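Here's a quick briefing to read with the structure open beside you. Take it a topic at a time and find each residue as you go.

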Amino acid sequence: MKLSKRSIAFAAPIAAVCLLVGCATAAKPEAMVAEKVAVAHRSSSDVSVVVAGGKETSAAGASQISNDAFGQALRDSIKNSELFSTVSDNGGRYKLTAFIGKVDQPMMGFSMTVKMEVTYTLADTNSNKSVWTKNVASEYTAKASAAFAGVERLRLANEGAAKANIQQALTEMAALQL
């Protein structure tokens, strides 16, 4: 089959757009783990973590932060900070619930800024009472130089906003006397 100049002229821009757009990839848990937090008061108790409000990424859609990925990053961040003695899969003395209420993402752009809000609630499972609740807002900008493809910059911005959010929440929890 012989390709005409017209066919090549038509196909070339479409191929270029496909290369630039790419497929969306989900936020990676290891990229959302907070830096070491200075802990004023360590708890000798364990904590379990529950996350809600996240979204799964579809290949045709925008990069998202799933409950599983955010939960893994939050558990790893707590382990690294040594804020609690252990992080349990379920049934800990404390239960940390994180609700991802809002993730504002740009549709396109060179520098992409993601804004995120998560409501955290730390409850004592023995008394069934909340000991700490906080709505944490964060944002992160992935500059054009961070990645060539827009979908990659959006994923980086998601990860940066989530990491900053977890960092801020753990910093505030680190001041609690449990």
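Start with K102: its bridge partner in strand 4 is E117. Keep in mind that you're looking at a predicted model. That partnership belongs to the pairing of strand 3 (residues 94-104) with strand 4 (residues 112-124), which run antiparallel and are joined by ten bridges.

**Strands side by side**

- Strand 4 also pairs with strand 5 (residues 129-142), again in the antiparallel sense, and here there are 13 bridges.
- Want a partnership to look up here? Find K115, whose bridge partner in strand 5 is E139.
- Strand 4 and strand 5 make a hairpin, with four residues between them.
- Look in that turn for N128, which has a positive phi of about 60 degrees.

**Salt bridges between strand 3 and strand 4**

- K102 and E117 turn up again, this time as a salt bridge, with their closest N and O atoms 3.5 Å apart.
- K102 sits in strand 3 and E117 in strand 4, so this salt bridge ties together parts that are 15 residues apart in sequence.
- Are these two buried or exposed? Neither, really: K102 counts as partly exposed at 37% relative accessibility, and E117 is partly exposed too, with a relative accessible area of 28%.
- D104 joins the party as well, since K102, D104 and E117 are linked in a network of salt bridges.

**More salt bridges to find**

- How many salt bridges are there in the model? The count comes to seven.
- One of them brings together the side chains of R93 and D124, at 2.8 Å from N to O.
- R93 lies in the loop between strand 2 (86-88) and strand 3, while D124 is in strand 4, so the pair ties together parts that are 31 residues apart in sequence.
- R93 has 29% relative accessibility, so it counts as partly exposed.
- D124 has 9% relative accessibility, which is under the 20% cut-off, so it counts as buried.

**A salt bridge inside a helix**

- The side chains of R155 and E152 also meet in a salt bridge, at 2.2 Å from N to O.
- Where do R155 and E152 lie? Both are in helix 3 (residues 150-173), three residues apart, which is about one turn of the helix.
- R155 is buried, with a relative accessible area of 5%, whereas E152 is partly exposed at 29%.

**Aromatic pairs**

- Now for the rings: the structure holds two aromatic pairs.
- In the pair of F84 and Y94, the ring centres are 5.9 Å apart and the planes are at 50 degrees, so the pair is tilted.
- This pair links distant parts of the chain: F84 is in the loop between helix 2 (67-81) and strand 2, and Y94 is in strand 3, ten residues apart.
- Both F84 and Y94 are buried.
- Y120 and W132 form a tilted pair as well, with 6.4 Å from centre to centre and 35 degrees between the planes.
- Y120 lies in strand 4 and W132 in strand 5, so their pair ties together parts that are twelve residues apart in sequence.
- Y120 is buried, and W132 is too.

Definitions and conventions. Residues numbered from 1 in each chain as written. Predicted model: local features only at pLDDT ≥ 70, side-chain atom pairs only at ≥ 80, totals over all residues. Heavy atoms only, no water. Pairing = 2+ DSSP bridges. Helix = DSSP H or I, 4+ residues; strand = E, 2+ residues; numbered from the N terminus. Salt bridge = Lys/Arg side-chain N within 4 Å of Asp/Glu carboxyl O. Buried < 20%, exposed > 50% of the residue type's maximum accessible area, 1.4 Å probe, protein only. Phe/Tyr/Trp six-rings, centres within 6.5 Å; stacked < 30°, edge-to-face > 60°.
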